[in-house]
Amino acid sequence: MRRAIVFTVAFLLPGLAWSDDRRTGYDDMNADLQALQDDPMNPATFWVLDGERLWSEPAGTTAQSCADCHGSAEDSMQGVAARYPSFDESSGTAVDLLGRIALCQSRHQQTAQPRDRSDPDRLALLAYVTHQSRGLPIMPDEDPRLAPARARGEALFSSRMGQLNLSCAQCHDDNAGGYLAAARIPQAHPTGYPQYRLEWETIGSLDRRLAGCMTGVRADPFAPGSPELVALELFLKSRAAGLTVEALPIRP
Amino acid sequence: MDSRSDSGAGPSGPTGPQTACAGPWWRARFILSGGGALAAVCLLVAAPLNAQGLPDPLTTTPGDPVRGEAIVTDPQHGLCTLCHEGPFPQVPFAGNLGPDLTGVGARRAVPELRQQIVDSRIGNPDTIMPPYYTTDGRERVGARWQGATMLRAQEVEDVVAYLASLTGDMP
């Protein structure tokens, strides 16, 4: 009996405590910013509405719309953002949701390629698709073919880089909750991407945020959509498993 | 090491740790203890002597504490206040990731301050404090900063002079 209690305390409770200790960027915001996010007409809503329109709009040389293949996004896209990044069979690589939208556009709509990953229409589609996972728990794709990229992301997270010689982990694990000047350092749970960032005055994806961090430590940022950034997202999403997808969030 | 970023170009400063058995303190100890104990004493004193830092100034011009204060309190220049609070009320938003600099001049000798700024990894390999006057061991440095140290030698001396002057009340 006693052994059973020890087992419970030693192995099960820490697991529960771990999930309770995790804080999202939303948790770290002040009440005014939380209220702005909770307002149904928060600034990010415009991108969701744009995305909803684009979903049914014919595009590319095939003049197909997303809806022609996928039907109603509210049904077909529910939970998709909660499990991305995923594995792309044709290329044999991990892709993030923005990359998947780009692949869909080039393969099925045959839109002009390449298009910038920060293309407003593509971000609007990302916003709309992500919106269909609002409130759902992050459930990382367990495809074993993603494991090498996820492990690479974990290694990158602990790699010092840049003139400031800092790793992600040194701030976002070791010093989360501390203040870098006026900014509270978050725990790096990607629950809210794309997000409307006041600093950007627009919405942006996780790779833009990660590139911003890398530039902050005066490193050469990984290219948007690069295997390194997808690997980092895979690792971050696995740490954030069970946390709720925010769609769409506001961040300072 | 990233050969594509920091291949020895630029104003690289003194970068290695001071060897434990090079300074006058060791020589006195060596004479007292006799040559037979050389290896053992070297091992014993290596850590504390490393912690004593860099006694020699990086430049011949003495550090200017006024210029040093300007560097420390400009978050775009020294970056110090991103992580350190201190006796500089003119800085509106100082971070708290590193120790408060109030009284640091009373807590730390000048050679220690110099070592901490030049390369704080010498004292603590896991430090989050950036190395300000070495390009050693950096990875994936952005093009704008490749081969460049965070501060120039005279700027380091200015900052050291300012920090050494902070002997007021402990935080």
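This report walks through a predicted model of two chains, A and B, from their interface to a few local spots.

**Where the chains meet**

Let's start with the contact between the two chains. On the chain A side, 22 residues are in contact with 28 residues of chain B. Together the chains bury about 2000 Å², and 56% of that area is on carbon and sulfur atoms. The rule turns up one salt bridge across this interface, and it pairs A:Asp220 with B:Arg140, with the closest N and O atoms 3.7 Å apart. Polar contacts add to the picture: 10 residue pairs across the interface of chain A and chain B, both partners at pLDDT 80 or more. As for who supplies the chain A side, strand 3 (179-180) and helix 12 (206-216) each bring at least two residues to the side that touches chain B. Sorted by class, that side of chain A has 12 nonpolar, seven polar and three charged residues.

**Salt bridges**

Over all chains, a search of the whole structure gives 22 salt bridges. Here are some of them, including the one across the interface.

| Acidic partner | Basic partner | Closest N to O |
|---|---|---|
| A:Asp220 | B:Arg140 | 3.7 Å |
| A:Asp143 | A:Arg145 | 2.8 Å |
| B:Asp158 | B:Arg67 | 3.1 Å |
| B:Asp119 | B:Arg121 | 2.9 Å |

How exposed are the partners? In the chain A pair, A:Asp143 has a relative accessible area of 17%, so with the cut-off for buried at under 20% it counts as buried. A:Arg145, at 40%, is partly exposed. The B:Asp158 and B:Arg67 pair has one partner of each kind too: B:Asp158 is buried at 3% relative accessibility, while B:Arg67 is partly exposed at 42%. For B:Asp119 and B:Arg121, both residues are buried.

Beyond single pairs, salt bridges that share partners join A:Arg23, A:Asp28 and A:Arg184 into one network.

Back to the salt bridge between B:Asp158 and B:Arg67, at 3.1 Å from N to O. B:Asp158 sits in helix 6 (residues 153-164) of chain B and B:Arg67 in helix 3 (residues 65-73) of chain B, so this pair ties together parts that are 91 residues apart in sequence.

**Helix 3 of chain A and its neighbours**

Which residues of helix 3 (residues 31-38) of chain A are buried? They are A:Leu33, A:Gln34 and A:Gln37. Those residues cover an arc of only 100 degrees around the axis, which puts them on the same side of helix 3 of chain A. The general geometry helps here: an α-helix has 3.6 residues a turn, so residues three or four places apart point the same way. On the face turned away from the buried side, helix 3 of chain A carries the exposed residues A:Ala31 and A:Asp32.

The buried residues of helix 3 of chain A pack against helix 2 (25-28) and strand 7 (250-251) of chain A. At the start of this helix of chain A, a side-chain oxygen of A:Asn30 reaches to within 3.1 Å of the backbone nitrogen of A:Asp32.

One of the buried residues, A:Leu33, also turns up among the contacts of A:Leu198. A:Leu198 lies in the loop between strand 5 (195-197) and strand 6 (202-204) of chain A, and it counts as partly exposed because its relative accessibility is 37%. Leaving aside residues up to four places away in sequence, A:Leu198 touches A:Leu33, A:Ile250, A:Arg251 and A:Pro252. A:Leu198 and A:Pro43 are 155 residues apart in sequence, with their C-alpha atoms 9.7 Å apart in space.

**Two more residues to look at**

A:His172 belongs to helix 11 (residues 168-172) of chain A. Is A:His172 buried or exposed? At 15% relative accessibility, A:His172 counts as buried. A polar atom of its side chain lies 2.9 Å from the backbone oxygen of A:Pro186. Not counting residues up to four places away in sequence, A:His172 touches A:Phe157, A:Ile185, A:Pro186, A:Gln187, A:Ala188 and A:Cys213.

Over in chain B, B:Val110 is found in helix 5 (residues 110-119). It counts as partly exposed, at 34% relative accessibility. With residues up to four places away left out, B:Val110 touches B:Val160 and B:Ala164. The C-alpha atoms of B:Val110 and B:Gly53 are separated by 8.2 Å, although the two residues are 57 residues apart along the chain.

Methods
Residues are numbered from 1 along each chain as its sequence is written. Chains are lettered from A and ligands numbered from 1 in the order in which they are written. This is a predicted model: local features need pLDDT of at least 70, side-chain atom pairs count only at pLDDT 80 or more; totals for chains, interfaces and linings use all residues. Side-chain values use heavy atoms; hydrogens and water are left out. Helices (H or I, at least four residues) and strands (E, at least two) are DSSP runs, numbered from the N terminus. Buried means under 20% relative accessible area, exposed over 50%, partly exposed in between (1.4 Å probe, protein chains only). A polar contact is a pair of N or O atoms within 3.5 Å; within protein, one must be able to donate a hydrogen and the other to accept it, and residues adjacent in sequence count only if both atoms are side-chain atoms. Contact means heavy atoms within 4.5 Å. The arc is that of the directions from the helix axis to the C-beta atoms. Buried area is the accessible area (1.4 Å probe) that two parts lose on being put together, summed over both. A salt bridge is a side-chain nitrogen of Lys or Arg within 4 Å of a carboxyl oxygen of Asp or Glu. Ala, Val, Leu, Ile, Met, Phe, Trp, Tyr, Cys and Pro count as nonpolar, Asp, Glu, Lys and Arg as charged, and the others, Gly among them, as polar.
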